[in-house]
Amino acid sequence: MHGGIQSLEIVFLLLMLFVAGFTSLARKLQTPYPIILVVAGLLLSLVPGIPRVVLNPEVVFLVVLPPLLFAGAWLTSWRDFVYNLVSILFLAFGLVGFTVLGVAGAAHFFFHGFDWRLGVVLGAVISTTDAIAATSIAKRVGLPQRVVDVLEGESLVNDATGLLALEFGLALVVTGQTPTLTFDILRLAYLSIVGIAVGLLIGGFVHWVEHYIDDGPIEITISIMIPYATYLAAESIHASGVLAVVACGLYLGRASAHFFSPSVRIQANAVWSVFTFILNGFVFVSIGLQLPTVREGIKNYSLGSLLLYGGLFSALVIVLRLLWVFPGATLSYWIRRHIFHQNERLPPLRQIFVTGWTGMRGVIALAAALSLPETLADGRPFPQRNLIIFLTFSVILVTLVLQGLTLPALIRALGLAGASGPNCEQAEARRIMAEAALEQLEKTNKDVEDTSASLYKDLKEHYRLRLSSLPRAGENQDGFHPEAYARFLALSLELLQVERQTAVKLRNSGRINDEILRQLLQELDLTELRYRTAA
């Protein structure tokens with residue numbers, strides 16, 4: 001027992017070391033860390049003596065998937081998600097179905113021993129996308145925000161639709177039964193409606209409980225428990241755990257402004273940022289480390305045949321997405337304009353093409369492939385299981401590395417870099433908030449004593465300075481003078497550093513203890529965070 005735990009600890013420490021080291025390299029190379037981690041894991045798997053890391057699909061579905069979905073939903077804007085829902089559904093449902101049908105129709109032409117049923121399984125396995133690499137690139141180079149919103153929404157929802165399609169495909173292959181159309185529609189309705197209901201019920205209960213708690217460690221602990229409890233609750237009644245977690249995350253992400261105190265919000269954001277980074281880093285480096293396991297399962301094919309199969313299938317998956325996005329975008333925007341009366345024009349073709357080029361696959365696809373049963377209902381081996389795993393592995397590598405590395409250059413070449421422009425909503429919100437604070441200050445100032453008048457005068461001057469650097473709605477920022485405000489912030493940050501150094505000197509001289517120093521530094525850190533956010 002002791003030896004097994006010790007070996008597990010060594011593997012875990014090595015994985016964390018790989019994640020930290022290669023993510024640092026990715027930052028220096030200005031490349032999304034998922035791409036570097038996958039490539040690094042692939043190269044490390046070839047090094048003799050590296051511990052074997054076998055990705056257990058149950059660990060992915062029960063340990064990794066719920067918090068990542070919850071964090072993604074929490075950070076998603078409910079307003080933008082609902083506003084782009086038609087476009088998201090055309091990708092999360094329409095594209096998944098188109099991919100499954102396309103792979104099912106083409107698989108028996110590409111691969112010996114495949115029929116349309118195995119094609120359905122293969123298409124369902126690789127239909128889920130991972131938006132981490134794509135959206136990190138898109139945000140960095142300034143891709144229009146509505147494209148990023150659609151990509152993030154797609155990745156939240158298509159995990160559920162892809163896994164439902166896989167359930168349908170496995171029923172065809174394992175039991176030999178063909179579910180009826182009525183059964184499929186009812187099953188989809190049950191999975192979706194009940195899953196969303198479970199998520200909203202748990203979210204509503206947590207919202208009520210949070211109003212009676214104001215303790216950072218307790219609230220953060222609850223927030224980590226929520227995605228697991230929601231996923232397990234939905235799965236226990238055979239509903240969609242994925243949609244339950246997404247619904248709960250969307251609801252609580254919007255409601256958190258009401259029940260999180262400022263200190264808890266800062267702590268929770270820090271904890272969840274590190275937590276999701278570790279989980280993402282673990283799964284991406286583990287994808288690359290799966291090469292020995294995938295390679296050992298393939299015995300009846302030469303290396304040349306495998307490379308040819310992997311390349312052809314990856315190209316097919318990429319082409320299927322590109323074929324769908326153009327008519328899908330046209331129809332979805334027609335529905336948005338004529339049925340939902342949204343004043344949205346069809347995006348330019350170059351923007352639609354970029355959306356089609358961001359169909360990167362990740363750990364959910366590989367976990368789905370590894371979760372395929374080894375035998376059928378009658379005891380025979382699951383046909384072409386190892387080849388399905390290899391093809392899925394190939395698609396993940398090709399889409400992450402090829403599409404991920406070429407996406408920044410493609411965005412710049414098409415003239416889409418920096419197209420999102422300034423965040424006018426944020427500037428307008430800051431202006432209104434500053435005006436409200438200044439108005440309240442004017443009311444309070446009438447009742448202050450003369451001894452406090454100078455303090456109120458300084459505060460009013462501070463808010464007037466903030467307002468002078470913020471444009472009004474519809475006005476150009478060029479007509480304002482942000483230089484003065486920038487100098488004010490720079491000086492404020494410099495003075496905060498002086499305060500920090502002074503506090504450390506006080507501790508070193510014995511005038512204050514370490515606990516007081518930590519409290520003082522935390523106050524200064526929070527003040528600096530506010531200044532940097534305002535900048």
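## A tour from helix α3 to the loops

At 39% relative accessibility, V63 counts as partly exposed, a class that sits between buried (under 20% relative accessible area) and exposed (over 50%), using a 1.4 Å probe and protein chains only. So select V63 to start. You're looking at a predicted model, where local features need pLDDT of at least 70, side-chain atom pairs count only at pLDDT 80 or more, and totals for chains, interfaces and linings use all residues. Residues are numbered from 1 along each chain as its sequence is written, and side-chain values use heavy atoms, with hydrogens and water left out.

**Stop 1: the patch.** Keep V63 and add V59, L62 and L232: these form a nonpolar surface patch with about 310 Å² of accessible area together. Those areas come from the Shrake-Rupley method with a 1.4 Å probe, and for residues only the protein chains shown count as cover. Patch members have over 30% relative accessible area and no salt bridge; nonpolar side chains (Val, Leu, Ile, Met, Phe, Trp, Tyr) are joined within 5 Å, like charges within 9 Å. A salt bridge here is a side-chain nitrogen of Lys or Arg within 4 Å of a carboxyl oxygen of Asp or Glu.

**Stop 2: α3 and its partner.** Which helix gives the most to the nonpolar patch? That's α3 (residues 57–74), with three residues, and V63 lies in this helix. Helices are DSSP runs (H or I, at least four residues), numbered from the N terminus. Now show α12 (residues 262–289): α3 and α12 pack at about 130°, axes 10 Å apart. Axes are lines fitted to C-alpha atoms, for helices over the stretch in contact, and angles run from 0 to 180 degrees between N-to-C directions. The pair is therefore oblique, the class left over once you take out under 35 degrees (roughly parallel), over 145 (roughly antiparallel) and 65 to 115 (roughly perpendicular). The α3/α12 crossing is left-handed: the near helix is turned anticlockwise from the far one by less than a right angle.

**Stop 3: two positive phi values.** Most residues other than glycine have a negative phi. Jump to H238, in the loop between α10 (216–236) and α11 (241–259); its phi is positive, about 60°, although it is not a glycine. H238 is exposed, at 53% relative accessible area. Next, pick Q384, in the loop between α16 (363–370) and α17. Phi of Q384 is also positive, near 60°, and Q384 is partly exposed at 23%.

**Stop 4: G415.** Finish in the loop between α17 (385–413) and α18 (424–445), where you'll find G415, partly exposed at 44% relative accessibility. Draw a distance to Q351: the two C-alpha atoms are 9.5 Å apart, with their positions 64 residues apart along the chain.
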